[in-house]
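Please walk through the structure below with attention to its helices, strands and cysteines.

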Amino acid sequence: MDFFVGYSSQSKALRVFNSSTRIIEESDNVKCNVNTPNIPGSGPNWLFDIDSLTNSLNMSDTEAQETSPTFVMFPMPLVDSNDASTTDESHGDDKTESESTEKNDDQPIEESSPSQNLEDIPALEEGPQWDQEPEVNDSNLGVKQKPEGIFINQSKYVASMLQKFGMNDAKPASTPMETHKHLTADVEGEEVDVHHYRSMIGSLMYLTASRPDIMFAVCVCARFQVRPKESHLHAVKRIFKYLKGQPKLGLWYPNDSSFDLVAYTDSDYGGANLDRKSTSGGCQFLGGRLVSWQCKKQTTVSQSTTEAEYIAASQCCSQVLWIQNQMKDYGLSFLQTPIYIDNNSAISIVNNPVKHSKTKHIEIKYHFIRDCNEKKIIQVLKVHTDDQYANQFTKAFDVGRFTFLVTSVGMMNSE
């Protein structure tokens, strides 16, 4: 009978203790008997003898602290007897000395004690000292406090991105995404460097923390990270060209605004060209200013515009409930939070608790919005499409409509 002792650090094999040869072996053909209970005192002696177990596992006892008698066992890797060496390094003002000694496999490898003083270890050049509090790095996120309010933007991060990807000399664009060109799989298109493409997408995703105006365009381009083509890279560069023209755009939070919680939700029916799934978009305002926004492709294919709007409303309701719970920590209660929808049929489904025959195929998890509506936690209201601020998170618009939506959510330039 063999005993499992751990996993190999060099491969996917398992490390087992052979009770016959009393040697630890590595094998990927192991059948585990998990139904046999462990009975104290019924195993071999080595299993209960800490000295034998330590020697067999090639471990060494290392003192955790100089003033404490407690010892900690650190697993050591198997060392080839023909090329085994130990290296002791001393930090601080002393010189570094290295000594190599040949050892056998049966002898445990000694390792320096972890009780060395941390202050003797030199700190990284770009990191904080061990005995200092980490400093807040505001080079990427700029927060300007004024008597009238707070302004948040990432202009420095935008400048570093443009320089990193060589877009400083690019021609500015008025919108982050073209309205007449929809991205497809482009099977016959020319492939581009996938690592470069993903690096650009990752940088843009970080920027969406303060730039909701590029949220939809970034999410659409992120869907093609597996096999990006030249057309997809062109769409990503279009976002950088837009950032070139609007590098200092940010969110403005005035002090004299009201303190009400309002939400907007919208969807783009069948907007994803790859699988014809709809896109859900939502935004939440606290005190008349944007505090949360979402853009996500739905997991199921909607069979109608009403179904897509209903699913989007349920996802927006989840975000509203989360904000309500967060505000309770500050002693604030927001009941009957209005969620504005521009689809009358979706509102009728929410207000009618009777399960319609046309909604049987909708997943049950999306129907919890009915319960929230009955308990007066939220309320769904009708809004005209022209005043639907969540439109910018579901589809691309021309420069006129896009500018109106950006300014409506409280975005402006720092100058």
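Which residues of α4 are buried? In this predicted model, the buried residues of α4 are Y197, M200, I201, S203, L204 and L207. Because they cover an arc of only 160 degrees around the axis, they lie on the same side of α4. The general geometry fits such a pattern: an α-helix has 3.6 residues a turn, so residues three or four places apart point the same way. The cover over the buried residues of α4 includes α3 (155–164), α5 (215–221) and α6 (230–245).

The length of α4 can be checked as well. The helix has 14 residues, 194–207, and at 1.5 Å a residue it should span 20 Å; its end C-alpha atoms are 20 Å apart, so the two values agree. The N-terminal end of α4 is capped by D193, which has a side-chain oxygen 3.2 Å from the backbone nitrogen of H195.

Helix α8 (residues 344–351) can be read in the same manner. Its buried residues are A346, I347, I349 and V350. These cover an arc of only 160 degrees around the axis, which means that they are on the same side of α8. They pack against α7 (305–328), β12 (337–341), α9 (368–374) and β13 (378–382). At the start of α8, N343 places a side-chain oxygen within 3.1 Å of the backbone nitrogen of S345.

The next element is strand β7, residues 149–153. Its covered face consists of G149, F151 and N153, while I150 and I152 form the uncovered one. In a regular strand the side chains alternate between the two faces of the sheet. Strand β7 is joined to β6 (residues 142–146) by 5 bridges, and the two run antiparallel. A hairpin of 2 residues connects β6 to β7, and G142 stands opposite N153. Strand β7 also pairs with β8 (residues 249–254), again antiparallel, through 4 bridges. Here F151 stands opposite W252.

That leaves the cysteines. How many disulfides does the structure hold? There are 0 disulfides. For C283, the nearest cysteine sulfur is that of C316, 7.4 Å away, and C283 is in no disulfide. C283 has 0% relative accessibility and therefore counts as buried. Why does C295 form no bond with C219? The sulfur of C219 is the closest cysteine sulfur to that of C295, but at 4.1 Å it is too far for a bond. C295 is buried too, with a relative accessible area of 11%.

Methods:
Residues are numbered from 1 along each chain as its sequence is written. This is a predicted model: local features need pLDDT of at least 70, side-chain atom pairs count only at pLDDT 80 or more; totals for chains, interfaces and linings use all residues. Side-chain values use heavy atoms; hydrogens and water are left out. The expected span of a helix is 1.5 Å times one less than its number of residues. Buried means under 20% relative accessible area, exposed over 50%, partly exposed in between (1.4 Å probe, protein chains only). The arc is that of the directions from the helix axis to the C-beta atoms. Contact means heavy atoms within 4.5 Å. A polar contact is a pair of N or O atoms within 3.5 Å; within protein, one must be able to donate a hydrogen and the other to accept it, and residues adjacent in sequence count only if both atoms are side-chain atoms. Two strands pair if DSSP finds at least two bridges between them. A disulfide is a pair of cysteine sulfur atoms within 2.5 Å.
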